[in-house]
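Dear colleague,

Here is the structure I promised to pass on to you. Please open it beside this message, and then read on for what was found in it.

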Amino acid sequence: MLPTLISPALLKKSDKILFIAHLALGDFTYLQNFFQAFARANPHLKVDLWVDEVRRTSDATQWEHLKKYSLYDWVAACPFFHKVYTRTYSPALYQESIHEAQQEHYPIVVSLATLRPHLYANLARNISPDGLVIGMRKTVSLFQPHHHLAYRKLNATITTDLPATAGNEQPHISDVYAYWFRQLSGLDVTSAQRFPFVDIPPQWQQYATAKLATWHVQGTAPRQDGKLIFINAYAKTKKRCWTLEQVAALIVSLQQRDDWRNSTFIVNAVPQELAHARAVFDARKLSRTELFSAEDNFFELPAILAQCDLIISVETAVMHLANAVHVPVIALMRQKNPEWAPIDRTNSTVITAGHRRDWVKAVTVEQVLKAIP
């Protein structure tokens, strides 16, 4: 067995560990399994998590929005975390959180941050001046002395690139995460154990049933009155977005099919785009089409997704959550970052834009129609 970055002796005698990460919902959809497996393999350890907000700002008008980041609802519900640091969205709260973490005297701090890893090497060492600090590292030039100084604060470095495999099969992002944790402690998480999951609390399952009732949709598939389709065109970057006009055209086309005529369409919209989305769909006079936004709690989203018969989504968290709730998904993706394709190949259809430089909106309505049975 190859030596691990955390020695078995230190792991055995330690009482706690802190993981640092900048997390999007899609990241956590897969990383969750590894945190859970690590906690189960080391039941004597308190596993703490620092969720760093890369959008941290001094602009107080943005704090309320950042404070309500839906990921926080999800990590707070995870029983394998002992403590989660989420107040990192303002400079003052960031410093308070560092001070709070320093009082824990963590014997082990692991940074899983891939963006600006030198900054997180500094953060990890600041939190734990005398502990074992492990993190990522990027190649730096001679003209970046502050990067070199930061990386010297690490006791060990996680290798980010997977070893070459026979056949050069495209690795999945979960394979990358598995490699990281194998280096850390020898943790072996099998392919089956990497399948995403989301435990939806009963109150949010009830919320979904009540929500469907307001839309006059029968809960739980199969239904007598047509199928329920969830469509998400939004992602954090424009390159990964579809357009609302394409969504509307898709709905119109499907409503002309006999087997989809009585279906209900739920269109996901981020809060700041709700007004625009209403204007687009009102202009088209679309029937049986409802707008949805998970405005109060993260679990509103998977609870609604779990009720659907089909999910159509661009490459973002919704696409991965579809696998977690075991609903068939049609994923619209660019050619870039194929490691982020849905993990459940049986229940996922991936439509990729034709050219490497194409944005997701290059995927046509006709391509999606052909993928729908």
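A residue is called buried here when its relative accessible area is under 20%. Please also keep in mind that this is a predicted model.

With that cut-off in hand, helix α8 is a good place to begin. This helix covers residues 173-185, and its buried residues are I173, S174, V176, Y177, A178, Y179, W180, F181, Q183, L184 and S185. Because eleven of the 13 residues of α8 are buried, the helix is largely enclosed by the rest of the structure. Those buried residues pack against α1 (8-13), β1, α2 (25-41), β4 (108-111), β5 (132-135) and β6. The length of α8 can be checked as well: at 1.5 Å a residue its 13 residues should span 18 Å, and the end C-alpha atoms are 19 Å apart, which agrees. Just after α8 comes G186, which takes a positive phi of about 80 degrees.

Several of the strands that α8 packs against belong to an open sheet of six strands, in the order β3-β2-β1-β4-β5-β6, with parallel pairing. At its edges stand β3 (83-85) and β6 (156-157), each with a single partner strand, so one side of each is left without a neighbour in the sheet. Within this sheet, β1 (residues 16-21) and β2 (residues 46-51) pair in the parallel sense over six bridges, and L18 has D48 in β2 as its bridge partner.

Strand β5 deserves a careful look, since it can be followed on both sides. Its residues L132 and I134 point one way while V133 and G135 point the other way, and all are buried. Three bridges join β4 and β5 in the parallel sense, with L132 in β5 as the bridge partner of I108, and the two strands make a right-handed β-α-β unit together with helix α6 (residues 117-127). Strand β5 also runs parallel to β6, to which two bridges join it, and there the bridge partner of G135 is T157. Between these two strands the chain passes through helix α7 (residues 145-151), in a β-α-β crossover that is right-handed.

Six strands also form an open sheet in the order β9-β8-β7-β10-β11-β12, and here too the pairing is parallel. Its edge strands are β9 (289-292) and β12 (348-352), each of which pairs on one side only, and the twist averages 15 degrees from one strand to the next. Strand β11 (residues 329-333) pairs with β12 in the parallel sense over five bridges, and M333 finds its bridge partner in T352 of β12.

With best wishes

Technical notes:
Residues numbered from 1 in each chain as written. Predicted model: local features only at pLDDT ≥ 70, side-chain atom pairs only at ≥ 80, totals over all residues. Heavy atoms only, no water. Pairing = 2+ DSSP bridges. Helix = DSSP H or I, 4+ residues; strand = E, 2+ residues; numbered from the N terminus. Axes fitted to C-alpha atoms, helices over the stretch in contact; angles between N-to-C directions. Expected span 1.5 Å × (residues − 1). Buried < 20%, exposed > 50% of the residue type's maximum accessible area, 1.4 Å probe, protein only. Contact = heavy atoms within 4.5 Å. Right-handed = clockwise from strand over helix to strand, strands pointing away.
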